[in-house]
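Work through the exercises below with the model open beside you. Try each task before you read its solution.

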Amino acid sequence: MTLTFTIPKALWLTSNRHHANRAYLQRIRNDLHVVAHAAAQRTGLCPIYSPVRCLWTVRYPKGVGWEHGDASNAQPTTKALLDGLVPRWLQGDGPRWVTRETFTRGPNLDRPSDHVITLTFITEGEQS
């Protein structure tokens, strides 16, 4: 089960840049929830009723060097995307339901500005 999200620059949250304005941050999170809903609906994701591992692959925009842009820096964005899938597609996002999250950096995109994140769910008991 795989979902792909295109994240425009205006919605990109990173561990390296903190926003002090809580209302602004919540608006971005709400918009990321909408992105998550749209991706789940577009791919026909069925509800998942068992614990999962989440494999995140983060693709940065054209021009971001490999010495920058750690995949795990996307965690604020991926957290908001995951939150957007609860409770309709995932029972929860706590440790009972999401047992592990792994971050990998994919190849850069051929365009500036956007990020593309792929989320692969592996249900407990499946092999990766």
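**Exercise 1. Place T77 in the fold: in which element does it lie, and what does it touch?**

Step 1. T77 sits in helix α2. Keep in mind that this is a predicted model.

Step 2. Check its exposure. The relative accessible area of T77 is 0%, so T77 is buried.

Step 3. List its contacts, skipping residues up to four places away in sequence. T77 touches I7, L11, W12, L13, L32 and I117.

Step 4. Widen the view to the helix. The buried residues of α2 are T77, T78, A80, L81, L82 and G84. Among the elements that cover them are β1, α1, β2, β3 and β4 (115-123).

**Exercise 2. Find the aromatic pairs and classify each one. How many does the structure hold?**

Step 1. Count them. The structure holds two aromatic pairs.

Step 2. Take W12 and Y60. Their ring centres are 5.8 Å apart, and their planes meet at 75 degrees. An angle over 60 degrees counts as edge-to-face, and the W12–Y60 pair is edge-to-face.

Step 3. Locate both partners. W12 is in the loop between β1 (2-7) and α1 (22-43). Y60 is in the loop between β2 (52-59) and α2 (75-84). They are 48 residues apart, so this pair links distant parts of the chain.

Step 4. Test burial, with under 20% as the cut-off. W12 has 7% relative accessibility and counts as buried. Y60 has 6% and is buried too.

Step 5. Take W56 and F103. Their ring centres lie 6.5 Å apart with planes at 15 degrees, so this pair is stacked. W56 belongs to strand β2 and F103 to strand β3 (residues 98-105), 47 residues apart. This pair also links distant parts of the chain.

Step 6. Test burial again. W56 is buried, at 0% relative accessible area. F103 has 24% relative accessibility, so F103 counts as partly exposed.

**Exercise 3. Search for disulfides. Why do C46 and C54 form no bond?**

Step 1. Recall the chemistry. A disulfide is a covalent bond between the sulfur atoms of two cysteines.

Step 2. Set the cut-off. The two sulfur atoms must be within 2.5 Å.

Step 3. Check the distance. The cysteine sulfur closest to that of C46 is in C54, 17 Å away, which is too far for a bond. Starting from C54, the closest cysteine sulfur is that of C46, again at 17 Å.

Step 4. Conclude. The whole structure has zero disulfides.

Step 5. Compare the surroundings. C46 is exposed, with 52% relative accessible area. C54 is buried, with 0%.

**Exercise 4. Describe helix α1. What distance separates its end C-alpha atoms, and which of its residues are buried?**

Step 1. Estimate the span. At 1.5 Å a residue, the 22 residues of α1 should span 32 Å. The end C-alpha atoms of α1 are 32 Å apart, which agrees.

Step 2. List the buried residues. In α1 they are L25, I28, L32, V35, A36, A39 and A40.

Step 3. Look down the axis. The buried residues of α1 fall within an arc of 130 degrees, so they line one face of the helix. The spacing rule helps here. An α-helix has 3.6 residues a turn, so residues three or four places apart point the same way.

Step 4. Ask what lies over that face. The cover on the buried residues of α1 includes β1 and α2.

Step 5. Inspect the ends. N21 caps the N-terminal end of α1, with a side-chain oxygen 3.0 Å from the backbone nitrogen of A23. Just after α1, G44 has a positive phi of about 70 degrees.

**Exercise 5. Study L45 and S50. Is each one buried, exposed or partly exposed, and what does each one touch?**

Step 1. Locate them. L45 is in the loop between α1 and β2. S50 lies in the loop between α1 and β2.

Step 2. Assign exposure. L45 has 12% relative accessibility and counts as buried. S50 has a relative accessible area of 27% and is partly exposed.

Step 3. List contacts, leaving aside neighbours within four places in sequence. L45 is in contact with M1, L3, A40, W89 and F121. S50 touches W97 and T123.

Step 4. Set sequence against space. L45 and L3 are 42 residues apart along the chain, with 8.2 Å between their C-alpha atoms. S50 and Q91 are 41 residues apart in sequence and 8.0 Å apart, C-alpha to C-alpha.

Note on methods: Residues numbered from 1 in each chain as written. Predicted model: local features only at pLDDT ≥ 70, side-chain atom pairs only at ≥ 80, totals over all residues. Heavy atoms only, no water. Phe/Tyr/Trp six-rings, centres within 6.5 Å; stacked < 30°, edge-to-face > 60°. Helix = DSSP H or I, 4+ residues; strand = E, 2+ residues; numbered from the N terminus. Buried < 20%, exposed > 50% of the residue type's maximum accessible area, 1.4 Å probe, protein only. Expected span 1.5 Å × (residues − 1). Arc of directions from axis to C-beta. Contact = heavy atoms within 4.5 Å. Polar contact = N/O pair within 3.5 Å; in protein donor to acceptor, adjacent residues only side chain to side chain.
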